[in-house]
Amino acid sequence: MDMCKPKTIILLILMLSGSSLLFAQNRIITGKVTGSDTGETLPAASVKISGTNRGAVTDMDGNYRIEVIPGDVSLKFSYMGYDAREIEIGNQTVINVALHTTSNLIGDVVVNGYGGVRKSDL
């Protein structure tokens, strides 16, 4: 009888630790990144888990897929010429984002093979 108790205790510990892993599983978040002004998809937009260096890039249709772990709070979406946007993950598994064009204008610039020149200087 005394030999069954240690085996039972070990089995119970293994069952409890295995069940806690079930609750702490990674999740996949998917979605699409578009421009809010035209609804156009944004290929190669950056999707980054805030506070980490883990991220993904959207495909040619603006779709992304990223794995998040427990403790990941939000995703940061960015694309050149658009304002970055941060969205909380919560319990969501699909997050579609529309980015707004940036209001910062840098002026007219013409790029040639040797460098950049202001349009007014040509």
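A contact here means that heavy atoms lie within 4.5 Å. With that in mind, in this predicted model, 45% of the contacts between residues at least 6 apart in sequence join residues that are at least 24 apart.

The chain contains one helix and nine strands, and reading along the sequence one meets the helix and then the strands, in the pattern α-β-β-β-β-β-β-β-β-β. Of its 122 residues, 20% count as buried, while the chain exposes about 9,000 Å², of which carbon and sulfur atoms supply 58%.

In soluble globular proteins, nonpolar side chains tend to be buried together. In this chain the largest nonpolar core has 18 residues, and those with the most contacts inside it are I29, V33, Y64, I66, L75, F77 and I95. Two or more residues of this core come from each of β1 (27–35), β2 (46–49), β4 (63–68), β5 (74–79), β6 (82–88) and β7 (97–99), with β4 giving the largest share, three residues.

F77 offers a way to follow the packing outward from one core residue: leaving aside residues up to four places away in sequence, F77 touches V33, S46, V47, Y64, A84, R85, I87, I95, V97 and L99.

A second point of entry is T34, which is placed in strand β1. T34 counts as buried because its relative accessibility is 16%, and the cut-off for that class is under 20%. Again not counting residues up to four places away in sequence, T34 touches G39, E40, T41 and L42, as well as V97, A98 and L99. Of these neighbours, V97 and L99 are also touched by F77.

Terms used:
Residues numbered from 1 in each chain as written. Predicted model: local features only at pLDDT ≥ 70, side-chain atom pairs only at ≥ 80, totals over all residues. Heavy atoms only, no water. Core = buried A, V, L, I, M, F, W, Y, C linked by side-chain atoms within 4.5 Å. Buried < 20%, exposed > 50% of the residue type's maximum accessible area, 1.4 Å probe, protein only. Helix = DSSP H or I, 4+ residues; strand = E, 2+ residues; numbered from the N terminus. Areas by Shrake-Rupley, 256 points an atom, 1.4 Å probe, with all protein chains shown as cover.
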